[in-house]
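Colleague: I am new to this structure and would be grateful for a close look at a single part of it. Please set out the terms as they arise.

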Amino acid sequence: MPFFYIDYWYIILVIPAMILAGWAQYRVKSTYSKFSKVLNTRGLTGAYAAQAVLTHYGITDVRIEQTSGKLTDHYDPKSKVIRLSEGVYNATSIAAVGIACHEAGHAAQHAENYVPIKIRTALVPVCNIGSTLGIPLALIGLVLGFEPLITIGLVLYGAIFAFQLATLPVEFNASRRAINVIEQTGLLYDDEVGSAKKVLSAAAMTYVASMIVALANLIRLVLRFNNRRN
């Protein structure tokens, strides 16, 4: 009779977290789709809005470029370039302004040596190692009966959760900077600011969901390895 192993912790912890992540992705795409069709009254492009944020913070050494893809907007601190997607760079929608200002907010964080972004950057190499070696080391430790190796593997894998957790203040702060500049400089009118907030809030939920997925996976692995050791 074949033996079927059911990972109950995966069902209890990870699947609900993945459903939340799926909902967050759907929400950000639907919210972006909605407000990318609503033009801002002043007719400002995403590129112009990003430059307005840079000017507000006195940043003069960051370029703004267009990149291919949809929702591929990001700030590259090494090259000091804000890359805006095709639907944001030259677009005059409320969504374009909100997203562009958010990415410029990241540039402002780097310019001001914002501590949380330094922490997140420092965690990147550890996170990469953890995602590659964490589980294999824990499995080897389990087979050899060497508990310190199991602990090292789980700690390395836990770096994924630490990175996702460190990402939250960085993303929320960038959005807060974006909205503050939008309001202070009048890039959008009052009723439009609320729409921009909805776009950025939906995007922020994807980071919260990713953190919850990472935490669920970490707890599941800790419980499974503990059960197999006992």
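Colleague: In which loop does Ala-91 lie?

Modeller: Ala-91 lies in the loop between α3 (86–89) and α4; helices (H or I, at least four residues) and strands (E, at least two) are DSSP runs, numbered from the N terminus. This is a predicted model, in which local features need pLDDT of at least 70 and side-chain atom pairs count only at pLDDT 80 or more, while totals for chains, interfaces and linings use all residues. Residues are numbered from 1 along each chain as its sequence is written, and side-chain values use heavy atoms, with hydrogens and water left out.

Leaving aside residues up to four places away in sequence, Ala-91 touches Leu-44, Thr-45, Gly-46 and Ala-96, where contact means heavy atoms within 4.5 Å. Between the C-alpha atoms of Ala-91 and Leu-215, which are 124 residues apart along the chain, the separation is 37 Å.

After this loop comes helix α4, which covers residues 94–111. The expected span of a helix is 1.5 Å times one less than its number of residues. For the 18 residues of α4 that gives 26 Å, and the end C-alpha atoms are indeed 26 Å apart. Of these 18 residues, 16 are buried, so α4 is largely enclosed by the rest of the structure. Here buried means under 20% relative accessible area, exposed over 50%, and partly exposed in between (1.4 Å probe, protein chains only). Cys-101 counts as buried because its relative accessibility is 0%. Cys-127 also counts as buried, at 12% relative accessibility. A disulfide is a pair of cysteine sulfur atoms within 2.5 Å, and by this rule the count is zero. Following α4 is Asn-113, whose phi is positive, near 55°.

On the other side of the loop, the chain before α3 includes strand β3 (residues 81–85). Three strands form an open sheet of mixed pairing in the order β1-β3-β2; two strands pair if DSSP finds at least two bridges between them. The edges are held by β1 (63–67) and β2 (74–76), each with a single partner strand, so one side of each has no neighbour in the sheet. β2 and β3 run antiparallel and are joined by three bridges. Tyr-75 has Ile-82 in β3 as its bridge partner.
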